[in-house]
Amino acid sequence: MLRRQRSGLRALLLASVLAVTVGGLTSAPTDAAVQPAPGTTGDAFNPLPDVANPTDIASAYDPTRDRYMVVTHSASGVRRLYVGVVDGDGAVVTEPVVIHTDASPDSLGSPITTRLDIDYNPLVDEFLVTYVKANRIFGQRMSPGGAPIGGPTQLSQINSADFRCTANHHDVVVDTATGDYVLAYAVGMFFATADPCEDLSNRHKTTMARISPTLAVGPRTDLPGRFENGNNSWTAIERHPSTGDYLVGRLDTDGGTFTLVDADFDVEASQSIDVRNAEPFSFPTYVHVAVDPTSGKWMAIARGSQRSQTMILDADGSIDVPAAIRFTDAVDDLEAVGDGVFVGSTRGTGRVIQLDLRGETVSTYTVAADVPDLSDLTHGDGARFLATGANRVGNSNAIAAELVAVPPAVLPLAPARIADTRRSETAVTVDGAFEKIGAVAGGTELVLQVGGRAGVPADATAAMLNVAAAGATRNGFVTAYPCDSERPTTSNLNFAAGAAASAGGFVALSGDGRACLFVSTTVELIIDVNGFVPADASIESIVPERFLETRADAATGTVDGAEFGGGRIPAGVTELPVAGRGSVDDGATAVMVNITAIRPSSGLFITVFPCGSAQPTAANLNAPAGGVVNNLALARIGENGKVCIFASAETDLVVDVSAFAPEVGSLVSINPERFIETRPGQETVDGRDQFGRRTGVDGSFNFVSIAGRSSVPAEARGVMLNVAAIRPSASGFVTVYPCGELPNTASVNYAAGSVVSNAVFVALSDPDGWICVYSSADTDLTVDVVGYTTDG
């Protein structure tokens, strides 16, 4: 059986500790109920042997040789800059060499006063070390083996002879299109009174310059704005991998200003974060910027003395997620992994934090208690990182530890129709493909292109679909599976002759982004997509496997022969072993299951919940007596690796598994909770949205709050729901969507007088975290939340 494989997102961490320490990365989740603990630890090693009292440490990565170059400043006695080389696993390649020495004890003579930086230039296969000496910025070229190339070169340009007029708080990025370096730094003079420093008078400004690989310095370009606080002027710069634009972060009077400039340094956009208004008596201290190569979005961080704020910008510099206080730690560096994952090192805590595309903290990792100051993160091979820092006790060495950062699981999308085979004027898809092509003949399959359409990336490994069937003259079923694997003996949707039916489906995609939908009898298919799994994801999609089959005369059994042919289950709770069966890992925390109730003895509802937890007042599936109904559910795994299934009446039952969440994952399943209830006298989990009345004709409950309620955190970006329509007055449909324009999609199809439910994965409207629910006919409605993701 084909199983979708992915390489885990792993990171290599380096931080200064005592040489005898053997590595410890302990997990410290921000909220254990929200985020599972991260992964494993590594061993101690020393990248800079015998370097006493390093203050600042920085590193850069050489992808050709899988090596890091590490540079540090020794702050005791004679001040020196040391450079060493370690391989990707932390083994020392080159012993530390001194590239600069200065015996002057005062800050003006020290080799570094404000910032130490190092960058690898792949176009010339060299490193550039930059540092501050005597209030000027210098650069030293280095070979990949750790040998200096030429001597130090002054890179900053100050239009003043006064030595107190400083160039400091610099940052450097490589222009990978030309091989040039782009230097951004602050010019200022503290306590200036007579304007000797470029007419700044106790203010500072930020300037940029292009520098050739041989360190020929181009002309300066000053960015707009003169800010108070003299030399309190931290600067950060990053280059966008797609547009070639630069985002420059700089401290302003009230917080951080983030300016987008093009390759010629012309300003395209500018945004600010005001730390003083957000937190009284706060003053600005640091800014950081990074860009996610997958989404193309920028993250900007402004650190105040009291709190830190994050802001997300689109590639063009417009605001995607407004600035807000989201964590309290001081961030000393920020790096993007990809797939919407950022990591940052925090001052004074010894922690690395993971942030998502809302700027929210997903997880926190403690490297070591005696390494409080992590000052630099460097992106290595794949998703590995080198984190550098210094302890405060005597001589320092280093520790390597592996962690599992949490990549996205399922990323929510605005619902979009990607197939409608009906020969009708209303059969319209998002891009005109797969529309009005006619019914799919029984015994054949619709080969549906999903990747590369409707916001689904071409390399997505799975998709969240809503599959609807209409116009069938016989009872039948639909099986969805990746087109490059054998068709499994499972089903995603069961339908009756003459009745519309729909069901949510978690469907693995083939390598070229296709899903095959087999139909047992001729039927029209309508397919909507509302989420996808990125190439590197914290969820494992598999070709569906059967884990429970109660019918003894069924043509096929279960994946391992267990839980097969036991006969109809009585009303009550059935325990189903899940973890460690078939393709599901022993440490899995949740499974995506398709549950089918077959000919229940009376009207039935089914609730899936983790064994060992209290049974919730919610439902995953509703079925009439004698019917065959199925639905998708995200089921949290409980005690002894089992999920519990409550059935309100006797029935045959089939359970198929299509994915599982590993021990470290960002799709979080919860004990189902009711968030919307229209029936009088019925309750929701928190007493809110108990409407006590049916929806009206063409009725819509607008702006129903989801994020921040009960078990769903405020930073949630998407939720897994079970939506039930109860005794509607006419045939019709329900659409659940992020509030805004009503999409041409359906979440639940119903017949008059029926009780129908369906699983729905829906993005939350940004930034309020709401959903809207539209019904084409008046009906009672219930909406239960069974899981959420903070990705998106």
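**Exercise 1. Is Phe-434 buried, partly exposed or exposed, and what is its relative accessible area?**

Keep in mind as you work that this is a predicted model.

Step 1. Start with the number: Phe-434 has a relative accessible area of 23%.
Step 2. Now bring in the cut-offs: buried means under 20%, exposed means over 50%, and partly exposed is in between.
Step 3. With its 23%, Phe-434 is therefore partly exposed.
Step 4. Where does Phe-434 sit? Look in the loop between E31 and E32.
Step 5. Check the backbone too: phi of Phe-434 is near 60 degrees, a positive value in a residue other than glycine.

**Exercise 2. Do the same for Asp-125: find its loop, its phi and its exposure.**

Step 1. Asp-125 belongs to the loop that runs between strand E7 (117-121) and strand E8 (126-133).
Step 2. Its phi is near 55 degrees, which is positive, and Asp-125 isn't a glycine.
Step 3. The relative accessible area of Asp-125 is 26%, so we call this residue partly exposed.

**Exercise 3. Work out how the rings of two aromatic pairs are arranged.**

Step 1. Count first: the model has eight aromatic pairs.
Step 2. Take Tyr-61 and Tyr-68, whose ring centres are 4.9 Å apart and whose planes meet at 50 degrees. Planes under 30 degrees apart count as stacked and those over 60 as edge-to-face, with the rest tilted. So Tyr-61 and Tyr-68 form a tilted pair.
Step 3. Are these two tyrosines buried or exposed? Tyr-61 and Tyr-68 are both buried.
Step 4. Next come Tyr-120 and Phe-127, with ring centres 4.9 Å apart and planes at 55 degrees, so this pair is tilted as well.
Step 5. Tyr-120 and Phe-127 are also buried.

**Exercise 4. Describe the largest nonpolar core and find out which strands build it.**

Step 1. This core holds 32 residues, and Leu-517, Leu-525 and Ile-527 have the most contacts inside it.
Step 2. Several strands supply at least two residues each, including strand E31 (411-420), strand E33 (462-470) and strand E38 (524-533).
Step 3. Which strand gives the largest share? That's E31, with five residues.
Step 4. Zoom in on Ile-527. Setting aside neighbours within four places in sequence, its contacts include Ile-418, Leu-448, Leu-465, Val-467 and Leu-517.
Step 5. Don't mix this core up with another one that lies apart from it: that one has 29 residues, among them Ala-633, Ala-649, Leu-653 and Val-655.

**Exercise 5. Look for empty space: describe the second largest cavity and the second largest pocket.**

Step 1. Here's the idea behind the search: rolling a probe the size of a water molecule over the atoms shows where empty space is left.
Step 2. How many cavities of 30 Å³ or more are there? The count is five.
Step 3. The second largest cavity has a volume of about 70 Å³. Its lining includes Pro-415, Asp-528, Val-529, Thr-745 and Phe-761.
Step 4. E38 and strand E52 (755-763) each give this cavity's lining at least two residues.
Step 5. Sort that cavity lining by class and you get seven nonpolar, four polar and one charged.
Step 6. Over to the second largest pocket, with about 980 Å³ of space. Among the 44 residues lining this pocket, Asn-494, Phe-495, Ala-496, Val-628 and Val-629 are the closest to its centre.
Step 7. By class, the lining of the second largest pocket splits into 20 nonpolar, 19 polar and five charged residues.

Methods:
Residues numbered from 1 in each chain as written. Predicted model: local features only at pLDDT ≥ 70, side-chain atom pairs only at ≥ 80, totals over all residues. Heavy atoms only, no water. 1 Å grid on protein atoms, 1.4 Å probe; cavity = no way out; pocket = protein on both sides within 12 Å on 5 of 7 lines; lining within 4 Å. Points joined across faces, edges and corners; volume = space filled by probe spheres on them. Nonpolar A, V, L, I, M, F, W, Y, C, P; charged D, E, K, R; others polar. Core = buried A, V, L, I, M, F, W, Y, C linked by side-chain atoms within 4.5 Å. Buried < 20%, exposed > 50% of the residue type's maximum accessible area, 1.4 Å probe, protein only. Helix = DSSP H or I, 4+ residues; strand = E, 2+ residues; numbered from the N terminus. Contact = heavy atoms within 4.5 Å. Phe/Tyr/Trp six-rings, centres within 6.5 Å; stacked < 30°, edge-to-face > 60°.
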